[in-house]
Amino acid sequence: MKRLIFLLSALGSLNMFPVFAASMNDKDDPPYIPAAEPEVRAAIAAWQDLKFGMFIHWGPYSQWGVVESWSICPEEYDFCMVRPEGMNYFDYVKRYEALKTTFNPQQFDPDKWAAAAQYAGMKYVVFTAKHHDGFNMFDTKYSDYKVTDTYCPFSTHPRANIAREIFDAFRARGMMAGAYYSIADWHHDDYWWRYLPPKDRNINYSPSKFPEKWERFNTFVDNQLDELTDGSYGPLGILWFDLCDASTEQRPQWERFARTVRTNQPEIMMVARHQHTIYENYRTPEQRIPDKALDYPWESCMTMATQWSYKPNDTYKSARTILSILVQIVSRGGNLLLNVGPGPNGDLDPVAYERLREIGDWMQVNGEGIYGTKAVAPYKEDKLVYTMKGDYVYAFYLSDEENPEVPEKITIRSFVPAGGGITFLGYKKSLPWRRTSDGIEIEIPEPLQDNPPCNYIWGLRFRIR
């Protein structure tokens with residue numbers, strides 16, 4: 001077993017996901033369908049003002065440091081093919097599922113995570129209550145493949161119902177709680193029927209030939225969604241669904257699922273990813289920044305390191321890179337859901353805490369140009385990224401990674417202040433500026449260059465009407 005863990009940890013150190021694409025093209029997507037319920041539309045509008053949230057991928061797979069779930073999926077993608085060469089697939093799955101019997105994260109302290117997220121300026125959390133492998137990080141009645149099962153050593157811990165503990169800790173600090181829930185369940189016999197080998201990420205039987213299995217699986221999903229939303233886990237703002245298709249022949253019973261969760265919690269946002277239906281209340285580009293504002297609510301999910309789940313000695317993005325991603329996403333009207341992967345001991349990597357602290361230091365100065373803002377063209381020009389709130393435009397200057405210094409002068413081509421001067425966020429005095437043939441040129445006083453109020457990215461504010 002130690003040899004297996006070593007091999008998988010080594011394979012898990014591969015960078016299996018791109019950091020982010022510079023742009024995305026959504027012109028071929030079907031039109032967005034607004035939610036029918038006015039309370040859901042109101043919830044979406046309020047959520048759009050939050051701008052910044054924490055994504056948490058965690059499960060027993062953290063003990064091996066491998067990609068979450070995908071190593072048991074029989075598909076020919078690099079992020080699936082991390083099983084040691086020569087190891088039998090079914091033997092591997094057996095060992096993978098036995099990770100339940102050794103999962104014992106004694107350092108689990110959700111309030112520590114919530115405190116770090118709160119300081120970083122995050123306003124909501126989305127936690128993987130159940131990923132594709134089917135392991136439940138909550139106390140479901142409908143499966144024994146769960147963290148609270150007696151065969152899991154952590155089941156005796158007072159915080160064994162991990163999802164509830166996380167939701168409660170983040171809500172106690174004023175943040176919205178959301179549950180990630182994969183429709184795929186590779187442990188469930190009515191998803192991957194053990195009579196047949198799995199072929200890919202979808203169910204491995206025909207729902208038209210075995211309708212009773214398909215019906216049982218949909219009932220299982222509906223029952224679990226009822227558990228998560230019936231009040232036992234408190235108010236949830238988001239149900240963030242993944243692998244939503246399940247079958248190439250029939251759609252899962254989304255109408256049924258929506259009826260259940262909206263009966264329990266009428267304002268909840270359902271995010272049935274990539275379905276382009278009324279159950280996709282906002283869209284979720286992954287590891288990407290759109291090159292312009294989108295005409296629907298959206299959130300880009302990105303990793304703080306190179307992998308969604310925990311990986312020993314992973315490489316983390318710099319604070320400057322993360323903040324650059326954040327301001328560019330916000331400038332296009334989106335939210336950033338930034339992922340962390342707790343380790344098998346139940347804590348985050350120290351580097352993750354360091355990044356959250358650095359982000360929080362910056363947010364103390366610049367948050368007014370982030371929260372509650374709207375997209376404003378041209379979104380980005382040269383080293384400047386724009387946001388807008390009311391009559392004010394915020395221009396964020398992105399420093400060079402290798403030379404993070406405040407420049408002597410900043411040129412803005414797209415806007416001219418309408419009055420009230422130009423201010424540097426975190427600095428009390430107005431800045432001198434003049435019109436030029438290129439727009440306006442702003443002078444940055446030498447004391448401000450030498451001692452700026454924050455690092456990496458600096459915000460300017462001015463009225464345009």
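This report walks through a predicted model, from its overall build down to a few individual residues.

## Overall build

Let's start with the whole protein. The chain folds into 10 helices and 16 strands. For 465 residues, a compact globule would have a radius of gyration near 23 Å, and the protein agrees with that because its own value is 23 Å. Along the principal axes, the C-alpha atoms fill a box of roughly 75 × 50 × 40 Å.

Of the 465 residues, 59% are buried. The exposed surface of the protein comes to about 19,100 Å², and carbon and sulfur atoms supply 49% of that area. Contacts also reach across the sequence: if you take those between residues at least 6 apart, 74% join residues at least 24 apart.

Two pairs of residues help to give a feel for distances. Pro 34 and Asp 450 are 416 residues apart along the chain, and their C-alpha atoms are separated by 49 Å. For Lys 130 and Arg 463, 333 residues apart along the chain, the C-alpha separation is 47 Å. Pro 34 belongs to the loop between helix H1 (2–12) and helix H2 (38–48). Its relative accessibility is 47%, so Pro 34 counts as partly exposed.

## Cavities and a pocket

Searching the whole structure turns up 2 cavities of 30 Å³ or more. The largest cavity holds about 80 Å³ of space. Its lining includes Met 304, Tyr 310, Lys 311, Asp 314, Asn 339 and Asp 349. Sorted by class, that lining has 5 nonpolar, 4 polar and 3 charged residues.

The second largest cavity has a volume of about 40 Å³. Among the residues that line this cavity are Trp 58, Tyr 61, Lys 130, His 131, Phe 135 and Met 137. Here the classes are 5 nonpolar, 3 polar and 2 charged residues. Keep Lys 130 in mind, as there is a section on it below.

Turning to pockets, the second largest one contains about 270 Å³ of space. It is lined by 14 residues, of which Phe 90, Val 93, Glu 97, Trp 186 and Arg 194 are the closest to its centre. Its lining is made up of 10 nonpolar, 1 polar and 3 charged residues.

## Helix H5 and its surroundings

Helix H5 covers residues 162–172 and is mostly covered itself, with 8 of its 11 residues buried. Those buried residues are Ile 162, Ala 163, Glu 165, Ile 166, Phe 167, Ala 169, Phe 170 and Arg 171. You will notice that Glu 165 and Arg 171 are in this buried set.

What do the buried residues of H5 pack against? Their partners are strand S1 (52–56), helix H4 (110–120), strand S2 (124–130) and strand S3 (176–182). Just after the helix, Gly 174 takes a positive phi of about 85°.

## Lys 130, a buried lysine

Lys 130 lies in strand S2, one of the elements that the buried residues of H5 pack against. Is this lysine buried or exposed? With a relative accessible area of 0%, Lys 130 is buried.

Beyond its neighbours within four places in sequence, Lys 130 is in contact with Phe 135, Asn 136, Tyr 180, Tyr 181, Ser 182, Ile 183, Ala 184, Asp 185 and Gln 224. Phe 135 also appears with Lys 130 in the lining of the second largest cavity.

## The loop between H9 and S8

Thr 373 sits in the loop between helix H9 (350–366) and strand S8 (380–381). Its relative accessible area is 0%, so Thr 373 is buried. Setting aside neighbours within four places in sequence, Thr 373 touches Lys 51, Val 330, Glu 368, Thr 387, Met 388 and Lys 389.

One of those partners deserves a look of its own. Lys 51 is found in the loop between H2 and S1, and it is buried at a relative accessible area of 2%. Although Lys 51 is not a glycine, it has a positive phi of about 70°.

Back in the loop between H9 and S8, there is a cis peptide bond between Ala 377 and Pro 378, with omega at about 10°. Pro 378 is in this loop, as is Tyr 379. Tyr 379 is not a glycine, yet it too has a positive phi, of about 70°.

Conventions. Residues are numbered from 1 along each chain as its sequence is written. This is a predicted model: local features need pLDDT of at least 70, side-chain atom pairs count only at pLDDT 80 or more; totals for chains, interfaces and linings use all residues. Side-chain values use heavy atoms; hydrogens and water are left out. Helices (H or I, at least four residues) and strands (E, at least two) are DSSP runs, numbered from the N terminus. Buried means under 20% relative accessible area, exposed over 50%, partly exposed in between (1.4 Å probe, protein chains only). Contact means heavy atoms within 4.5 Å. On a 1 Å grid over the protein atoms alone, a cavity is a set of points where a 1.4 Å probe fits but cannot get out, and a pocket is an open set with protein on both sides within 12 Å along at least five of seven lines; lining residues have an atom within 4 Å of a point. Grid points are joined across faces, edges and corners, and a volume is the space filled by probe spheres set on the points. Ala, Val, Leu, Ile, Met, Phe, Trp, Tyr, Cys and Pro count as nonpolar, Asp, Glu, Lys and Arg as charged, and the others, Gly among them, as polar. The radius of gyration is taken over C-alpha atoms; the globule rule is 2.2 Å times the number of residues to the power 0.38. Accessible areas come from the Shrake-Rupley method with a 1.4 Å probe; for residues, only the protein chains shown count as cover.
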